[in-house]
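User: I'm new to reading protein models, and the vocabulary trips me up. Could we go through some of the terms and check where they come from?

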Amino acid sequence: MFVTALRPENEIYSYLPIPTAPSLENFAIALQQIPAVRMLINTFAFALGSTMASLLTAVLAAYALTRWRFFGAKLAYAIIALTWLVPFQVVMIPNYVLVSRLGLIDTITALVLPNMMSAFAVMMLVQSMRSFPAEVVEAARMDGASDWRILWRVIVPNLRAPLAALAILLFVSAWNEYFWPLLLTRSPETSVIQSGIQMFISDQGNRWGPLMAVSSIACLPVLAIYIVLQRQVIDSFVQAGLR
């Protein structure tokens with residue numbers, strides 16, 4: 001992808017692994033024809049908002065399901081797990097009608113709203129909190145700590161690794177979302193980078209050079225976030241394997 005983005009137009013289909021005359025022309029064309037920077041900002045806001053909201057709701061739901069004893073807890077968990085099996089395309093139209101009646105069409109808020117809760121995130125954190133030592137929670141409770149303080153001062157700081165891994169998965173999932181932003185946005189200035197990539201595909205032919213240039217730009221933020229959180233992600237997978 002990066003190599004093709006650096007190829008001039010007359011070498012796009014070359015079999016050579018390295019372009020003979022590397023050029024940034026495709027990046028310049030892509031930035032001129034679509035508002036790529038604005039789309040990246042929109043995509044980042046959408047992905048970050050969805051990730052933070054999903055993490056918050058998942059932490060609260062997982063704590064309630066694992067530390068509180070109430071009637072219907074198992075049924076509530078089963079219903080949440082079942083919603084994970086429902087494809088997003090099934091609820092896409094009802095969600096569209098809802099955000100349309102709220103007057104949120106063509107806004108970042110409309111993109112984030114249906115993604116504020118993730119069944120996968122709840123299930124993953126429920127498993128992590130179930131394996132958290134109950135003695136530590138009881139000791140904090142005996143010291144007079146409330147549920148709110150136990151959650152944010154005791155449990156969450158010790159779940160940094162699974163939270164970081166989950167955050168990356170949620171962020172990448174939202175970053176790669178295509179159909180939902182395509183349904184809601186009306187102009188390139190309010191759209192996301194995935195829609196921008198699609199603009200170089202047409203019935204007259206695909207413009208592979210600018211397409212690969214935009215795709216390369218779209219990969220960089222996700223790659224940077226993974227590098228920053230790489231240690232926590234590896235720790236999370238190692239701990240999951242040890243269990």
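Analyst: Sure, let's take this predicted model term by term.

User: How do you know how far to trust the model?

Analyst: We look at pLDDT, the predictor's confidence on a scale from 0 to 100. The mean for the protein chain is 86, and 97% of its residues reach 70 or more. Among the elements, helix α3 (residues 36–67) has the highest mean, 93, and helix α14 (residues 230–242) the lowest, 66. Where pLDDT is low, the predicted coordinates should not be read in detail.

User: What makes up the secondary structure of the chain?

Analyst: Helices! The count comes to 14 helices and zero strands.

User: Why is N26 called buried?

Analyst: Buried means under 20% relative accessible area. N26 comes in at 6%, so the word fits. This residue sits in helix α2 (residues 25–33). Setting aside residues up to four places away in sequence, N26 touches T4, A5, R7, G209, P210 and A213.

User: What makes N26 and R7 a polar contact?

Analyst: The cut-off for N or O atoms is 3.5 Å. The side chain of N26 reaches the backbone oxygen of R7 at 2.8 Å, which is within that limit.

User: How do you know that the buried residues of α2 are on the same side?

Analyst: The residues in question are N26, F27, I29 and A30. They cover an arc of only 160° around the axis, so they end up on the same side of α2. As for what covers them, that includes α1 (2–5) and α13 (208–228).

User: Is S54 buried or exposed, and how do you know?

Analyst: Buried: S54 has 3% relative accessibility, and the cut-off is under 20%. You'll find S54 in helix α3. Its side chain reaches the backbone oxygen of S50 at 2.8 Å. Leaving out neighbours within four places in sequence, S54 is in contact with N115, M116, M117, S118 and L170.

User: Now the rings. Why is the pair of F88 and W180 called edge-to-face?

Analyst: A search of the whole structure turns up seven aromatic pairs. For F88 and W180, the ring centres are 5.6 Å apart and the planes make an angle of 90°. Centres within 6.5 Å make a pair, and planes over 60 degrees apart make it edge-to-face, so both parts of the name check out. This pair also links distant parts of the chain: F88 is in helix α5 (residues 88–101) and W180 in helix α11 (residues 179–184), 92 residues apart.

User: What makes F88 partly exposed, and W180 buried?

Analyst: F88 has 22% relative accessibility, and partly exposed runs between the 20% and 50% cut-offs. W180, with 0%, is under the 20% line, so it counts as buried.

User: How do you know that R130 lies over the ring of Y77?

Analyst: R130 is 5.3 Å from the ring centre and lies over the face of Y77. The distance limit is 6 Å, so R130 passes that part of the test.

User: What makes D106 worth a look?

Analyst: Its phi is near 70°, a positive value in a residue other than glycine. D106 is in the loop between α5 and α6 (108–112). At 25% relative accessibility, D106 counts as partly exposed.

Notes:
Residues numbered from 1 in each chain as written. Predicted model: local features only at pLDDT ≥ 70, side-chain atom pairs only at ≥ 80, totals over all residues. Heavy atoms only, no water. Helix = DSSP H or I, 4+ residues; strand = E, 2+ residues; numbered from the N terminus. Buried < 20%, exposed > 50% of the residue type's maximum accessible area, 1.4 Å probe, protein only. Polar contact = N/O pair within 3.5 Å; in protein donor to acceptor, adjacent residues only side chain to side chain. Contact = heavy atoms within 4.5 Å. Phe/Tyr/Trp six-rings, centres within 6.5 Å; stacked < 30°, edge-to-face > 60°. Lys NZ or Arg CZ within 6 Å of the ring centre and 35° of its normal. Arc of directions from axis to C-beta.
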